[in-house]
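I am keeping these entries as I go through the model. They record what I looked up and what I found.

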Amino acid sequence: MCGIVGYVGNKNAVDIIMNGLKRLEYRGYDSAGIALVDKDLFVHKKNGKISVLEESLANDVNRDIAHYHTGIGHTRWATHGVPSDLNAHPHTDCHNEIAVVHNGIIENFAVIKKMLTEKGHIIRSDTDTEVIAHLVEYYYRQSGDLLDSVMKAVSKLEGTYGLCIVSKREPGRIIAARNGSPLILGAGDGEMIVASDASAIIEHTSKVIYLEDGEILDLARDSFRTYDLNLKKIDKKIEDIDWDIKSIEKMGFDHFMLKEIFEQPETIRNAFRGRAVADPGTIRLDGLRLSEAELNGIQRVIFIACGTSWHAGLIGEYLIEEYARIPVEVEYASEFRYRKPILKQGDLVIVISQSGETADTLAALREAKSKGIKVLGVTNVVGSTIARESDGGIYIHAGPEIGVASTKAFTSQVTVLIMLALMLARRKDLTADEMRVCIEQLHEIPDMVKEVLKTSDYIRQIAEIHKDNKNFLYLGRGVNFPVALEGALKLKEISYIHAEGYPAAEMKHGPIALIDEKMPVVFIAPRDIIYDKIVSNMEEVKARGGRIIAIASQGDTNIRRYSDHIIYVPEVKKIFSPLLTVIPLQLLAYHIAVLRGCDVDQPRNLAKSVTVE
């Protein structure tokens, strides 16, 4: 949620900041603004898209903005206060000398606001952020130093923040601070770029440092210094980002989401490359950092996640329980730490987050660690907070995912959970020959995904027929029940059509009352041990006039008797089925949303990375 870009160097700050903000559009936002500092402080902000801000800046003929070499910019996702010009960031102090951009939520802002107003400060907006600018101003009047003032101000804040602050009294300087909301510094040649996401930096430099909670950055064009909240200097390691600008371009696709759907053959391969070795039939997940004794001593696995990652965890539950015979629970991160969870020795907590910054998931991680439980992270972002704070984990290697609706990250998460299930199963009853056969088929999955992607045009024809329906029902059984949930979520996220996912047998316990000729029902029906059961469910829907879209195994002609539309996928072992059955559901959601004229990559009200509770 929200995006921050700050620049200090020798180039046109406006161009770099605005381009950086565009790179962060996928995070979700409702307004945008920029603050530029030289001998004066110029702040310009607008409700709406970045294009609205750009147009307004271009029309400000009285202002030459090309000479500014220091500035901060922001895209806001509203929490306190409605989206408006006034509530957009940056926010300034009483004398328009200090400007602040902020990601996060200040929980004690009302107390701070009361104190400041009693001292004569005039708070103009409805946001929690503006009090930070006035609090820095309050301390600046005493010390005359921006770094000292920011340190004293953040010591009074309760909640989460990623901050960038500038003052017209100290041009060529940016102070940044972090607590619970990510900030990354890109160190260039004679320039520094600080941002909430590496995608705003990679165009300029691959050299980065990751700011930790409780750290403050002092930036000039040729230098940076990092301090703790007592202004004790901290030495930071410069790291390299291992992806390039092409990873965040559309590369000829109409939308990032479509590009990312079609990248899945490669991203699935990247997830298992070097880890799943057919000969001699082994899974190597060295990042787990678990000893043989710890692996053999696992008594229960607890997956903790949100949204799409939660669905991946559900698939992990089915697979680990069936193949490794270890009990598994799947928890919503947002509920986990508020219900006094029962954790004990022998538990292994695995948190799943594409960004590695999801606020609820990070809080759950810390809750589990505080109880002495080993915590692993499954994430896509090297250097993310979850990656750094976990005891070990697995990177999914999906590359940057720009579309808000997750696609390739989901299949990469499922891929690494399949490998985890197989690795644990090998320590139980799975034979070496069975392991070898599974790994051989895993290596075939990317080519099978390519085959499914060839059905995109046909799926678009199905989308044409059903794009105006107001409701959809998605049904699956076993390991494909979470796929049904994921398909329904994709449709809701990007097309704004109401959709629900259910275990197919649960249809009779309520949802069947909704079925009529206006209700499309998507069945995930591969040929497996429960195929006959799901066909019976299809007959029940057909008898009530429902219109059936079936995801079926290639060669299944029997299913034509019950289906209005059939999308075939290759027949595979059950453990790999979700990697294929989810692809048509992603494409169906995408094509319906495009046909309805929706903003596929930036759906309303949603953010890619949810960094506040």
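**Entry 1. Positive phi**

I started with Arg289, which counts as exposed because its relative accessible area is 60%, over the 50% cut-off. This is a predicted model, and I read the backbone angles with that in mind. Arg289 is not a glycine, yet its phi is positive, about 55°. I placed Arg289 in the loop between β17 and α8 (292-296).

I then looked up Met251, where phi is also positive, near 55°, in a residue other than glycine. Met251 sits in the loop between β15 (239-240) and α6 (256-262). Its relative accessible area is 51%, so Met251 is exposed.

Arg325 went on the list as well: it comes just after α9 and has a positive phi of about 60°.

**Entry 2. Helix α9**

Does the length of helix α9 agree with what its 18 residues should span, and why? I took residues 307-324 at 1.5 Å a residue, which gives an expected span of 26 Å; the end C-alpha atoms are 25 Å apart, so the two agree. I also checked its cover and found 13 of the 18 residues of α9 buried.

**Entry 3. Cis peptide bonds**

I noted a cis peptide bond between His89 and Pro90, with omega about 5°. Pro90 is in the loop between β4 (70-76) and β5.

I noted another from Asp279 to Pro280, cis with omega near 25°. Pro280 belongs to the loop between β16 (276-277) and β17 (282-283).

From there I looked at Gly281 and its distance to Ala432: the C-alpha atoms are 6.5 Å apart in space, while the two residues are 151 apart in sequence. Ala432 is part of helix α14 (residues 432-453). I record Ala432 as partly exposed, since its relative accessible area is 29%, which falls between the 20% and 50% cut-offs.

**Entry 4. Helix α5 and the antiparallel sheet**

Is helix α5 (residues 146-154) largely enclosed or left open? Eight of its nine residues are buried, so the rest of the structure largely encloses α5. The buried ones are Leu146, Leu147, Asp148, Ser149, Val150, Met151, Ala153 and Val154. I listed what they pack against: α4 (130-143), β7 (161-167), β8 (174-179), β12 (215-220) and β13 (223-228).

At the N-terminal end of α5 I found a cap from Asp145, with a side-chain oxygen 3.2 Å from the backbone nitrogen of Leu147.

I then traced the strands. They form an open sheet of seven, in the order β5-β6-β7-β8-β12-β13-β14, with antiparallel pairing. The edges are β5 (91-92) and β14 (233-234), each paired on one side only. Inside this order, β8 and β12 pair over five antiparallel bridges. Ile174 has Leu219 in β12 as its bridge partner.

**Entry 5. Strand β23**

I moved on to β23 (residues 471-476), where five of the six residues are buried. Which strands pair with β23 in the parallel sense? One is β24 (residues 498-503), over six bridges, and another is β25 (residues 520-525), over three. For the first pairing I noted Gly476 with its partner Pro503 in β24; for the second, Leu475 with Phe523 in β25.

Helix α16 (residues 481-495) joins the picture here: β23, α16 and β24 make a right-handed β-α-β unit.

**Entry 6. Nonpolar cores**

Last, I looked up the cores. Nonpolar side chains tend to be buried together in soluble globular proteins. The largest nonpolar core in this model has 95 residues, and Ile445 and Tyr474 have the most contacts inside it. Helix α13 (residues 408-426) supplies the largest share of this core, 13 residues.

I also listed the contacts of Tyr474, leaving aside neighbours within four places in sequence. Among them are Ala484, Gly487, Ala488 and Leu491, and also Tyr502, Val522, Leu585 and Leu588.

A second core is separate and has 33 residues, including Ala32, Phe42, Leu57 and Val208.

Conventions: Residues numbered from 1 in each chain as written. Predicted model: local features only at pLDDT ≥ 70, side-chain atom pairs only at ≥ 80, totals over all residues. Heavy atoms only, no water. Core = buried A, V, L, I, M, F, W, Y, C linked by side-chain atoms within 4.5 Å. Buried < 20%, exposed > 50% of the residue type's maximum accessible area, 1.4 Å probe, protein only. Helix = DSSP H or I, 4+ residues; strand = E, 2+ residues; numbered from the N terminus. Contact = heavy atoms within 4.5 Å. Expected span 1.5 Å × (residues − 1). Polar contact = N/O pair within 3.5 Å; in protein donor to acceptor, adjacent residues only side chain to side chain. Pairing = 2+ DSSP bridges. Right-handed = clockwise from strand over helix to strand, strands pointing away.
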